[in-house]
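Please open the model in a viewer and keep the selection tool at hand. The tour below proceeds from one selection to the next.

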Amino acid sequence: SSLSVRSCFNLPAFRGELASWPPATMTKETNRSHHVVEEHAAAIPAQQRLSNKAGVSDTLISDEPSPSKALEPFEAARIYPVIPGVLGYTAHADQDMTRREIQRNPDAFLFSGNHQDLYEAFASDFGPIKLSVLHSFVTMMRTYLSEESFADKLLVYYSTTDPAERTNTVFLLAAYLVIDRNMTPSEAWAPFAAIGPAPAAWGGEGGAAFETYHDATNCEKTYGLSVLSCLAGLHRAKTLGWYDPEEFDMDMCEILEDPTVADMSVLCPKFVAFRVPACPYNYASLLRECVECETVVRLNEAS
């Protein structure tokens with residue numbers, strides 16, 4: 001079933017253990033911008049850390065917007081505020097629309113990446129985006145938002161109008177607010193909860209601007225995992241120290257997730273998930289010595 005967040009931890013002991021394993025064959029494109037934006041963008045300097053908002057207490061989680069605020073209809077090219085005066089979100093039908101909007105908004109910097117496209121579907125699932133890609137997205141956002149040449153511009157991140165891509169994009173943006181701005185899940189989701197409904201041509205479930213996530217099957221969806229629930233899982237992991245953005249080892253996480261290496265995710269300090277390997281004995285020392293795993297529970301039938 002779908003998981004709200006998949007964590008991997010800073011496990012330096014793995015480096016020695018994996019030295020003799022097959023090398024990982026991974027494509028790292030998570031910071032690539034769409035070529036339309038590359039025509040528009042200036043060079044970005046080295047990453048600088050943004051100051052965080054501290055001391056925010058958690059609040060009751062609700063998928064519903066404030067009843068005192070009317071929903072803003074979803075429209076292509078409309079810029080919706082994420083951090084007022086600093087960061088916005090929009091969706092474009094095609095690259096021609098992106099070019100037009102760049103010309104129409106000289107006081108804004110429109111940019112995008114491919115992070116929202118990097119989910120590897122198993123069946124009818126389309127997200128949420130895994131933690132290593134989310135971590136890369138947060139790093140990119142820090143870089144753009146700390147660039148002095150953009151200080152007097154509204155930064156606007158855009159996606160396509162595809163409902164699944166829109167959903168993954170707003171998950172990434174809201175997760176950035178949780179991770180780097182110390183917002184609660186409800187606070188981070190509030191800008192997006194106020195958007196909807198969408199036109200029939202671009203709508204998601206029931207005309208909603210954003211969809212709920214489907215589990216990794218082709219069956220009819222009987223439970224939709226909301227973006228807000230994903231944010232709550234991320235917030236909980238961050239609060240417990242299971243995910244520390246300053247200590248997270250993204251490269252090692254990607255190596256462990258690679259099917260040619262371990263195909264493994266560390267979900268929490270006491271729970272590791274991995275696919276049944278062709279030769280289970282190859283995992284024995286890895287699990288025992290590096291993850292300190294003492295028990296393996298097999299959930300599928302032996303072949």
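Helices (H or I, at least four residues) and strands (E, at least two) are DSSP runs, numbered from the N terminus. Axes are lines fitted to C-alpha atoms, for helices over the stretch in contact, and angles run from 0 to 180 degrees between N-to-C directions. This is a predicted model, in which local features need pLDDT of at least 70 and side-chain atom pairs count only at pLDDT 80 or more, while totals for chains, interfaces and linings use all residues. Residues are numbered from 1 along each chain as its sequence is written, and side-chain values use heavy atoms, with hydrogens and water left out.

Select first helix α5 (residues 163-180) and helix α7 (residues 227-240), which pack at an angle of about 30° with their axes 10 Å apart. The two helices α5 and α7 are therefore roughly parallel (an angle under 35 degrees).

Next, display the side chains between them. Contact means heavy atoms within 4.5 Å. On α5, Thr167, Phe171, Ala174, Ala175, Val178 and Ile179 meet Val227, Cys230, Leu231, Leu234, His235 and Lys238 of α7.

Now select helix α6 (residues 185-193). Seven of its nine residues are buried (under 20% relative accessible area, 1.4 Å probe, protein chains only), so α6 is largely enclosed by the rest of the structure. Those buried residues are Pro185, Ser186, Ala188, Trp189, Pro191, Phe192 and Ala193. Their cover includes β1 (80-83), β2 (87-92), α5 and α7.

Finally, select two cysteines. Cys253 is buried, with a relative accessible area of 0%, whereas Cys219 is exposed (over 50%), at 52%.

Conventions. Angles under 35 degrees count as roughly parallel, over 145 as roughly antiparallel, 65 to 115 as roughly perpendicular and the rest as oblique.
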